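Trainee: Could you take me closely through one part of this model, the place where the two chains meet, and then set it beside the way a single chain is divided?

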Number of protein chains: 2
Amino acid sequence: MKHVRSIAEARPLLRDLWRSGETIGSVHTLGALHAGHAKLIELAARENQHAIVTVYPNKIQLFPGSRYVYDLEADAALARASGATMLISSEDAEMFPPGYCTFLDQLERHRALNSSVFPYATRGQVTGSIRWINLTRPTRSYFGMKDIEQALLVERAAADLLIDCEIRHVPCIRYRNGVPISSRLVLLPQARKDEVGATYAALEAARRMGLGGEARADVLTKAMATLLEERLSTFRLVYATVVDAGTFQPVTEARLPFVLHVAITDGAIHHFDGLAIRTEDELERSPEVLWLD
Amino acid sequence: MKHVRSIAEARPLLRDLWRSGETIGSVHTLGALHAGHAKLIELAARENQHAIVTVYPNKIQLFPGSRYVYDLEADAALARASGATMLISSEDAEMFPPGYCTFLDQLERHRALNSSVFPYATRGQVTGSIRWINLTRPTRSYFGMKDIEQALLVERAAADLLIDCEIRHVPCIRYRNGVPISSRLVLLPQARKDEVGATYAALEAARRMGLGGEARADVLTKAMATLLEERLSTFRLVYATVVDAGTFQPVTEARLPFVLHVAITDGAIHHFDGLAIRTEDELERSPEVLWLD
């Protein structure tokens with residue numbers, strides 16, 4: 001695996017790759033890679049002749065004042081072990097030169113869901129992802145369904161902007177207690193991690209009610225909120241909602257495709273969890289999960 | 001020259017082109033091609049192994065209710081005669097499928113200059129141009145300096161979004177009376193065309209004042225406005241302004257790089273004209289013009 005430490009250095013190597021006509025899979029990260037990223041990279045490497053990983057703690061996506069710790073050499077080691085053939089990293093000065101001003105706007109979608117807590121975070125995620133897709137021109141780019149909004153909005157943006165790239169949605173990766181892999185949760189003691197698992201239980205309870213014929217969004221929302229209020233102790237509920245999977249606007253009736261989404265916080269850590277129910281199969285069997293032991 | 005009548009049909013042909021590693025020049029148009037487009041296409045064909053022309057009367061760029069007349073077969077003939085190797089056209093149903101929602105936002109820049117007359121026109125132009133650049137992945141894409149905002153903002157957007165494409169600015173093409181080639185002006189009687197030439201005279205007068213040491217924007221603006229008010233009879237002045245070439249915000253002092261910009265209207269036709277003065281050379285000799293007889 002080649003580690004390229006700037007966009008400028010990556011450009012000629014990428015041009016050679018494109019000319020080869022060989023397939024490229026890409027995984028775009030903020031660094032601090034974990035087993036979830038490893039799954040994405042493994043899939044990219046399995047389905048394509050080249051697997052490019054990018055590492056850059058996107059400052060338009062991260063939140064002012066928050067510290068984002070990552071170790072580029074450790075990330076490179078994980079990427080290599082997972083099958084990456086190229087790692088591209090960059091710095092703020094190259095990514096945001098003076099005069100930078102271009103963002104992707106997807107109307108009200110960026111202000112839905114977790115934007116009530118983190119305004120513009122989703123806009124930053126989508127803009128950042130599309131920038132890296134433009135740079136690398138992958139045949140397929142891999143996004144985990146842990147971040148449902150990002151996966152669905154990047155897919156929408158790539159199609160709308162006529163980018164010739166398949167956006168692959170990779171199932172959310174969860175521990176057996178239901179908690180998704182997340183660099184933010186990893187430092188919590190086990191009991192608090194188990195508490196966070198209540199979000200998945202709440203989402204699954206609502207999905208089963210939907211499968212049983214309950215389509216009223218207020219009933220599903222109430223059920224998720226009640227379950228979370230019972231189970232949470234060190235965290236508290238921020239919201240539980242049912243939204244349209246295309247617009248992310250709250251619905252009154254849960255009709256396919258829809259998203260069940262909840263947010264909890266302890267004041268410092270904000271945790272979001274959701275299920276994108278796009279098909280009868282996902283309603284019946286729940287969206288696929290990659291389980292970790 | 002191959003005329004491809006949909007994005008879907010163009011994709012596999014473009015993939016073959018990319019794999020060839022040969023250079024591609026692109027010219028993106030709304031149709032109704034004229035001698036100005038011909039110059040862009042000729043340059044694209046001269047500087048690259050392939051010259052791709054796109055024709056689509058972008059509905060997010062054109063104005064609701066306005067009728068845009070173009071003859072696709074005539075456009076194809078002009079493109080072929082100018083050296084194009086491929087023409088791609090499309091339809092609203094393919095370009096704006098249900099759920100389309102992605103636009104490029106460049107902060108306040110889209111609301112500067114001609115947006116006071118046509119809100120969102122520039123955003124539509126830039127989004128439309130970047131979509132076609134993404135589709136065709138040209139080595140170089142050609143934009144006329146008649147539309148200064150579009151040329152500068154597309155260049156900014158391509159760089160910001162890490163798109164590997166050189167944005168080439170082609171000099172404005174003018175008749176000897178100073179009037180730029182424009183499909184909107186072509187039907188005017190000669191006397192009214194000559195009247196429109198006053199905009200270039202006003203811009204040039206302000207540039208010469210700048211060259212002579214006058215940097216106060218209000219003095220330059222006043223000079224352009226006075227000249228236009230004297231010379232216009234069937235048109236009237238909408239604005240004359242001096243803006244920063246990066247942000248398009250009005251300045252108090254004209255320092256390189258800046259844009260002199262004027263707008264006139266007769267109520268039906270809105271005509272914009274400008275000079276982008278980016279270098280000492282452009283201040284001294286005026287931005288290059290391609291003169292037509």
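Mentor: Two strands are said to pair if DSSP finds at least two bridges between them. In this predicted model, strand S5 (residues 103-105) of chain A and S5(B) pair in the antiparallel sense, and three bridges join them. Within that pairing, Asp105(A) stands opposite Phe103(B), a residue of S5(B).

The strands belong to a contact between the chains that takes 27 residues from chain A and 27 residues from chain B. On the side of chain B that touches chain A, at least two residues each are supplied by helix H1 (7-20), strand S5 (103-105), helix H5 (121-136) and helix H6 (148-160) of chain B. By class, that side of chain B has 13 nonpolar, six polar and eight charged residues.

Turning to the division of a single chain, chain A consists of domain 1 (2-173) and domain 2 (175-285), with 25 Å between their centres, taken over C-alpha atoms. Their contact draws 18 residues from domain 1 of chain A and 17 residues from domain 2 of chain A. Helix H2 (35-47), helix H6 (148-160) and strand S8 (172-175) of chain A each supply at least two residues of the side of domain 1 that touches domain 2, and H6(A) gives the largest share of that side, three residues. The residues of this side of domain 1 of chain A divide into 10 nonpolar, four polar and four charged.

As for confidence, chain A averages a pLDDT of 93, with 95% of the residues scoring at least 70, and the model scores ipTM 0.93 and pTM 0.94. Where pLDDT is low, the predicted coordinates should not be read in detail.

Key. Residues are numbered from 1 along each chain as its sequence is written. Chains are lettered from A and ligands numbered from 1 in the order in which they are written. This is a predicted model: local features need pLDDT of at least 70, side-chain atom pairs count only at pLDDT 80 or more; totals for chains, interfaces and linings use all residues. pLDDT is the predictor's confidence in each residue, from 0 to 100. Domain bounds come from an automatic or database domain assignment. Two residues are in contact if their C-beta atoms, placed from the backbone, lie within 7 Å. Helices (H or I, at least four residues) and strands (E, at least two) are DSSP runs, numbered from the N terminus. Ala, Val, Leu, Ile, Met, Phe, Trp, Tyr, Cys and Pro count as nonpolar, Asp, Glu, Lys and Arg as charged, and the others, Gly among them, as polar.
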